[in-house]
Amino acid sequence: MSKSPVEAGPSKDFENRPSAAIDRRSFLASGAAVVAVAEAPAVQAAEAVAWDREVDVIVIGAGAGGLVAAIAAREKGASVVIVEKNFDIGGRAMMSFGGLYIGGGNRMQKAKGVEDSPDRAFADWSRPEKPMGRFSDRALVRTWADNNLELFDWLEGHGIKWDAYRGAPDRLDRNRTRLNVARWPNEPTTPARGSGFVRPLEKTARQMGIEILLQQQMTKIHRESPFVGRVTGIATVEVDEWYRPKTRTMNIRARKGIIIATGGSAGNPVFRTMFDVRLTEEYQAENSEWTQRTGDGEIAAMEIGAALGATACQTTQDDNLITKGRMGKKSNGTITELYPTSPHFFRARALGLVVKDYQDVVLVKENGLRFYDETATTRDYEYYAAALAWTGDPKKFNGGGPIWAIFDADAVAREEWDVSPPHVDPEGYFFSADTIEELAGRIVNEYQWRPMPGANLRKSVERYNSFVDSGADADFKKPRPMHKIAKPPFYAAWHTPALHDSYTGIRINTSAEVIDLRGKVITGLYACGDSAGGFGQHGICRAATFGRIAGFHAAAQPS
Amino acid sequence: MSEDHPAAGLAVLSLKLAEPVPAQVPVGAEIMLKVRVSGAACDLSGGRIEVAGEEIVARAELVAFRDNFNETAAFTVTAPVRVGGFTWTIRFPPQDIGGVSYRECALPVSSRATPHHTSLAVWSVPSPVRVEGGFSITVGAKSSGACALGGAKIEVRNDTGAPAGQGILGDTPWPGTGALYWTDVALASPSREGLQRWSVAFAATDLELPHLSSSAEFSFTAVKPPEHGVTVKVTENRVATPVADVQVALGPYRAATDKAGSAYIVVPAGTYDLAVWKSGFGAASKIVEITADLSVQLELLRLPEELTAWD
């Protein structure tokens with residue numbers, strides 16, 4: 001059994017801190033904006049719920065955070081049920097690159113001669129000069145840093161095998177690089193490496209007697225009274241493979257705790273437009289064919305009073321929250337990798353095409369006009385600002401509508417694209433035609449509010465082709481345009497920016513306990529992974545860190 | 001009159017289309033119709049329906065009896081081949097069905113026949129083109145009705161709008177296209193150097209069905225005959241290893257580097273922008289003055305992984 005996770009000193013808990021008692025020092029140390037804490041009304045009569053089953057700890061979501069949380073709670077003796085709305089475990093992590101920002105001076109780092117420490121990890125990930133580090137809750141960053149070494153050993157102890165540290169640091173890392181997990185052999189869902197994180201943990205979880213209920217969607221978190229008291233359990237509904245509710249519902253009582261690990265809100269336009277109003281429904285969450293990430297946990301927690309944490313992390317414009325995406329399919333995240341035989345291919349409908357060289361395409365908006373240098377890198381937020389700009393839809397002022405990649409037969413040959421299914425989705429996301437004007441007329445898509453004007457597209461392409469002759473893009477300063485778009489047939493592929501992940505969520509303290517709008521802990525409720533706000537670090541390690549803390553903490557609660 | 005339907009023959013039948021005829025339809029297009037007859041409370045299956053313009057253009061039969069109407073199966077009617085407004089009369093002729101006599105009823109429907117659109121593609125335009133010589137381009141034309149355009153004429157005009165050449169479209173569509181009829185057009189090079197914007201026109205006359213004409217622009221650069229060989233060698237900054245498959249542009253001339261990171265271009269003397277491009281590297285350029293054969297070295301800087309990683 002592991003030791004308890006390391007928690008940062010300050011900001012552990014906002015509970016039992018009447019406002020009058022908050023002196024300036026402890027207020028600042030807490031890092032919390034606790035303003036005017038009202039006296040809690042008396043707990044009303046407990047909600048009358050007919051419980052179908054009972055368990056110590058419920059974990060909502062079987063991704064990186066959820067699996068870790070479940071194992072941690074079980075390890076401390078709790079009985080655990082995981083509910084997952086997909087037909088398989090894995091969540092967002094399954095489709096990820098399987099990389100963790102983990103260091104602190106572990107065995108593998110020492111073997112490479114890398115000097116690292118928790119202090120260095122903390123320093124890197126709370127760097128004020130970088131927007132990515134500027135807005136995080138430093139108590140949570142400190143907790144992550146202080147848990148790195150233990151978590152490394154703990155994950156190894158529960159079946160994770162490491163591949164290697166990446167070649168170069170990215171994001172905020174200076175002293176370490178990202179550590180990739182080893183591939184899981186013969187994974188049928190995806191060639192991505194993320195299965196190397198979730199499959200070993202699934203195996204461990206099942207061996208430990210953790211029950212995983214698939215195609216069960218949480219619909220409500222029960223609390224003693226609407227905004228007061230401890231959480232008591234959840235309601236679920238059985239869903240089909242399109243997440244449509246069936247008739248069977250269930251109430252599961254949680255004696256000790258409920259851990260939200262639902263993967264964030266990138267796939268929920270209503271929720272995500274609270275932070276960036278431009279991200280309307282045409283933008284698809286990467287890998288949403290596998291994991292919807294519709295903010296289910298956030299919404300259920302907010303409905304019983306939870307606050308959101310460090311929301312500025314969502315709009316730093318410093319990480320790739322938005323990506324250019326691959327093209328020719330609806331859910332077009334750049335690293336959306338699957339097989340035609342993947343069990344979720346029926347939702348994806350296509351594999352999509354990756355653009356190796358943006359000299360091979362022009363990108364146009366719904367109006368057939370170019371809008372930016374196509375070679376923009378993934379973190380060029382001016383590109384997204386142009387892509388998300390309004391182009392005249394009188395009924396929709398936010399969002400920028402579809403972006404289409406336009407290219408010709410020569411580009412297909414240079415890129416070695418296969419422009420037929422299963423690589424592309426001709427049902428609204430990929431079109432071909434004999435001429436450019438005809439191509440514009442072919443584009444019929446649920447987010448294209450008017451037919452693309454053919455003359456616009458023809459003029460855009462003719463003008464671009466003249467830039468190839470003149471040697472300079474007079475409109476958007478693309479590096480010297482190299483190839484004309486001239487040889488038939490012509491193609492239009494959906495290339496609308498995709499949403500990578502979410503970087504804010506439910507406010508938690510360093511014990512991963514959920515904090516309400518008055519700064520108080522909602523007893524028994526926890527959040528981790530992309531459902532939790534406060535630490536704008538991308539990926540699995542944040543999920544695992546706070547999932548483990550939540551699991552340990554929940555298991556230690558009185559029944 | 002039958003006893004079962006004492007008033008059937010006197011019932012006022014009325015006609016309706018399941019889907020209205022669009023306000024505009026391309027000439028010669030096939031339009032799907034489905035006619036409903038209401039007013040009879042019994043099955044009229046086998047009843048005849050006619051669609052007539054100046055003469056009868058389609059016949060159909062009632063095949064389905066629903067709660068309160070009889071319906072034909074969907075059937076096609078071909079739109080007129082002449083542009084302009086037209087009216088069809090959908091008729092239920094006087095007829096006996098199941099021993100009952102029914103009176104005639106009719107429904108006029110109007111629409112407008114519009115010409116097909118055409119659009120053009122211009123490709124295989126060499127660039128640069130040597131002044132005072134000749135060159136050829138390929139032009140294709142497409143009818144929005146996918147009509148055969150073989151035998152139709154393509155005209156090319158230069159940047160002053162003067163005719164520069166013409167071609168006749170062939171009878172076989174360009175490979176990989178549905179109905180892009182194409183031809184090569186031989187052209188005389190301009191006498192003046194520099195960027196040229198020429199146009200292609202398709203005059204849609206003498207086609208079986210009415211079509212709208214169309215035009216498109218194409219561009220190329222006209223240059224003096226080349227005289228000096230320029231070797232461009234591209235290496236990666238710092239590590240100095242050659243970089244293959246780099247796109248190299250020397251003024252209007254383009255090439256790609258080989259495995260040794262080298263590209264060879266023959267150009268006339270002059271001052272040029274040399275630009276190189278490879279995905280994953282920063283773009284690089286320099287100005288070079290060419291008065292003799294020359295070798296030029298250019299370094300590419302690899303972009304940090306943070307800018308190229310998508311995960």
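The exercises below, each with a worked solution, concern a predicted model with chains A and B.

**Exercise 1.** Describe the overall build of chain A, and explain why chain A can be called as compact as a globular protein of its length.

*Solution.* Begin with the secondary structure, where chain A holds 16 helices and 21 strands. Next, take the radius of gyration of chain A, which is 24 Å, and set it beside the globule rule, which gives 24 Å for 559 residues; because the two values are close, chain A is as compact as a globular protein of that length. The C-alpha trace of chain A spans about 75 × 60 × 50 Å along its principal axes. Then turn to burial, counting a residue as buried if 20 or more other C-beta atoms lie within 10 Å of its own; by this count, buried residues make up 59% of the 559 residues in chain A. Finally, consider the contacts in chain A between residues at least 6 apart in sequence, of which 74% join residues at least 24 apart.

**Exercise 2.** Work out which strands stand at the edges of the open sheet of chain A that has the order 3-5-4.

*Solution.* Read the order first: three strands of chain A form this open sheet, and their pairing is antiparallel. Strand 3 (99-100) and strand 4 (162-165) of chain A each have a single partner strand, so they stand at the edges, and one side of each is left without a neighbour in the sheet. Now look at one pairing in detail, where two bridges join strand 3 of chain A to strand 5 (residues 179-181) of chain A. Within this pairing, A:Leu100 stands opposite A:Leu179.

**Exercise 3.** Find how strand 12 of chain B runs relative to strand 2 and to strand 9 of chain B.

*Solution.* Recall that strands of a sheet pair through backbone hydrogen bonds, either parallel or antiparallel. Strand 2 (residues 24-26) of chain B runs parallel to strand 12 (residues 105-114) of chain B, and three bridges join them; here B:Gln24 stands opposite B:Arg112. Strand 9 (residues 84-92) of chain B, by contrast, runs antiparallel to strand 12 of chain B, with nine bridges between them, and B:Phe92 stands opposite B:Cys105.

**Exercise 4.** State how many residues each chain gives to the contact between chains A and B, and describe the side that belongs to chain B.

*Solution.* Count by chain first: chain B gives 40 residues and chain A gives 35 residues. Then ask which elements of chain B give two or more residues to this side; among them are strand 13 (118-123), strand 15 (134-143) and helix 1 (305-308). Lastly, sort the residues on the side of chain B that touches chain A, which gives 20 nonpolar, twelve polar and eight charged.

Key:
Residues are numbered from 1 along each chain as its sequence is written. Chains are lettered from A and ligands numbered from 1 in the order in which they are written. This is a predicted model: local features need pLDDT of at least 70, side-chain atom pairs count only at pLDDT 80 or more; totals for chains, interfaces and linings use all residues. Two strands pair if DSSP finds at least two bridges between them. Helices (H or I, at least four residues) and strands (E, at least two) are DSSP runs, numbered from the N terminus. The radius of gyration is taken over C-alpha atoms; the globule rule is 2.2 Å times the number of residues to the power 0.38. A residue is buried if 20 or more other C-beta atoms lie within 10 Å of its own, exposed if 12 or fewer, and partly exposed in between; C-beta atoms are placed from the backbone. Two residues are in contact if their C-beta atoms, placed from the backbone, lie within 7 Å. Ala, Val, Leu, Ile, Met, Phe, Trp, Tyr, Cys and Pro count as nonpolar, Asp, Glu, Lys and Arg as charged, and the others, Gly among them, as polar.
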